[in-house]
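Visitor: I would like to learn how helix packing and single residues are read in a model such as this one. Could you take me through it step by step?

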Amino acid sequence: MRRLLPRVPKLRLLSSDRDQEITLHKTGRIKSTLHPEASSVVFDADLRRAVSDELPFYAEIDRAQAIMLERVGLIDRRLAKKVLVELDRLQAEEFHSLALSPAPRGSYLAYEDHLRSVIGKEASNLHLGRSRNDINATLVKLKLREPYQELAGELLELLRVLCRLARTHLNTVFPLHTHRHPALPSTFAHHLAAFGGALARDLDALLAVHPLLNRSCLGAGVGGGSTLPILPDLTARLLGFATPPVNSIDSVASRDLILRLLANSAILGSNLSRIAETLLLWVGEAGLANLPDELVGSSSAMPHKRNPFLLEHVQGKAGALVGCFVAAVTGMHSTPFTNCVAVGTEATRHIWSGIANSIGSVRLIRLCFSGLTVAEDASSMFDRSFVNAMETATRLAVGCGLDFRSAHHEVGQLVTIAVECGAPSLLSIMQSGRLLDSVEAALAPDVIARTARAGGGSAPEAVAAALDELEMHTNRSATLLRDMGAGWRRAQEELRSAIASLDRPEPQPIDEGERAQQ
């Protein structure tokens, strides 16, 4: 005698074109929905956010999964085609008919319930050989592709802006500051090339994680792989991944891709923040550079103000990046090395605000450099700031028989005298004779800047060589990024081709009589 199961409550779904009733998700082990208060904390009430954030990626994963399962005979062609037709319909309407569908146990199960209600119960056979664990790990990587490319692209464009601007200012003499005071003669291009060198390393670090981004997790299941004859290499290829899962536990347990991206973004943010602070120094009281009206703000009370507030946004976003990394690494710390909600959901969520802040910071700095102009009288501070003092001491030590520390002391005394008597420059109080007559021209700040060749100095030819290397490096990075995007696009074309192949007639088996005739 069959044991009667208790009746399962019904839930009415709102739909743009029809109302439909589906059975609340049950597992056989769990016979009720999640407590409403708990659900409101950990899940969205409906699929409105998932319409853009998750459902398009679930659909793409399911397309590849349907092709693979049909190919190995775990689902028939009829079911695969029904699934693909419904996914195309949902994609065409941008999943809006699902937006108000309730998601009491998360977006994936609500999405699967929709497929079951439209296609039939057999639609859940798409889940053969996989789990939400490997689906979610794969979804994160698919979702990261666009912002990852955008951030790398923004960094590339910033580097190009810096190189172009530096090329036009190879001979623009500009003070090098230490401790926020003018210290040495340099050039504007020298500074820009320095910024570019640091940011190029940030780009290298960002691109270095692409092998992790390009490894599929689909097929790892809950962490134990599968006994079914699935083809993880096929789903990997159809989704644009370079490799299938290598270790199933690692695939669902690890989110070090997130940590590496956030750590690299935090370092990038630190560099951007320091560059922003340098720009604030230049456009502030020093008056060495200017930003155009469209890149400054006004004061609500002080009519004379031109506030370089965008640079302060860069600094604030950079601080937020450190917070994102700390939150993510703390969330993952001391968790079991297996699929874990604290890792895959709570800690991972920080990547989205982190990468958005990174993109915003790079874009703001790029705009500021694109509009930045050097003040015409930027070199007027050289004499009164004694930026040629170190070179004077060096010349005394090299050409006059003094040791460097004695020369250093003597020039320091001369600077003190110049300040006390209001002399316009160091050279104006130095006595003629000794070394001065032979090297006076070499002590001019612009000459020092143009002749500092060794050690990556400010000499135009040295800076130009650095820019040559930086531009070649940038071009190599651009090629890598372009090839990566092209690989993802080829995979989309292959997936579409595989879907189209399902409409071709299936090969008919040859009977023994036909075989004998052949």
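Guide: Two packed helices are described by the angle between their axes and the distance between the axes. Here helix 16 (residues 389-399) and helix 17 (residues 404-421) pack with their axes 8 Å apart and at an angle of about 135°, where axes are lines fitted to C-alpha atoms, for helices over the stretch in contact, and angles run from 0 to 180 degrees between N-to-C directions. Helices are DSSP runs (H or I, at least four residues), numbered from the N terminus. This is a predicted model, in which local features need pLDDT of at least 70 and side-chain atom pairs count only at pLDDT 80 or more, while totals for chains, interfaces and linings use all residues. Residues are numbered from 1 along each chain as its sequence is written, and side-chain values use heavy atoms, with hydrogens and water left out.

Visitor: How are helix 16 and helix 17 oriented to each other?

Guide: Helix 16 and helix 17 are oblique to each other, given that angles under 35 degrees count as roughly parallel, over 145 as roughly antiparallel, 65 to 115 as roughly perpendicular and the rest as oblique. The residues in contact (heavy atoms within 4.5 Å) include Ala 389, Thr 392 and Leu 396 of helix 16, and Phe 404, His 408 and Val 415 of helix 17.

Visitor: What angle do the axes of helix 6 and helix 11 make where they cross?

Guide: The axes of helix 6 (residues 132-167) and helix 11 (residues 256-283) cross at roughly 20° and come within 13 Å, which makes helix 6 roughly parallel to helix 11. Among the residues that meet there are Leu 144, Tyr 148 and Leu 151 in helix 6, and Leu 261, Ser 265 and Leu 268 in helix 11.

Visitor: Turning to single residues, is Asn 214 buried or exposed?

Guide: Buried means under 20% relative accessible area, exposed over 50%, and partly exposed in between (1.4 Å probe, protein chains only). Asn 214, in the loop between helix 8 (210-213) and helix 9 (232-238), has a relative accessible area of 11% and is therefore buried. Its side chain makes a polar contact with the side chain of Trp 488 (2.9 Å); such a contact is a pair of N or O atoms within 3.5 Å, and within protein one must be able to donate a hydrogen and the other to accept it, while residues adjacent in sequence count only if both atoms are side-chain atoms.

Visitor: Which loop holds Ala 123?

Guide: Ala 123 is in the loop between helix 5 (107-119) and helix 6, and counts as buried at 4% relative accessibility.

Conventions:
Helices (H or I, at least four residues) and strands (E, at least two) are DSSP runs, numbered from the N terminus.
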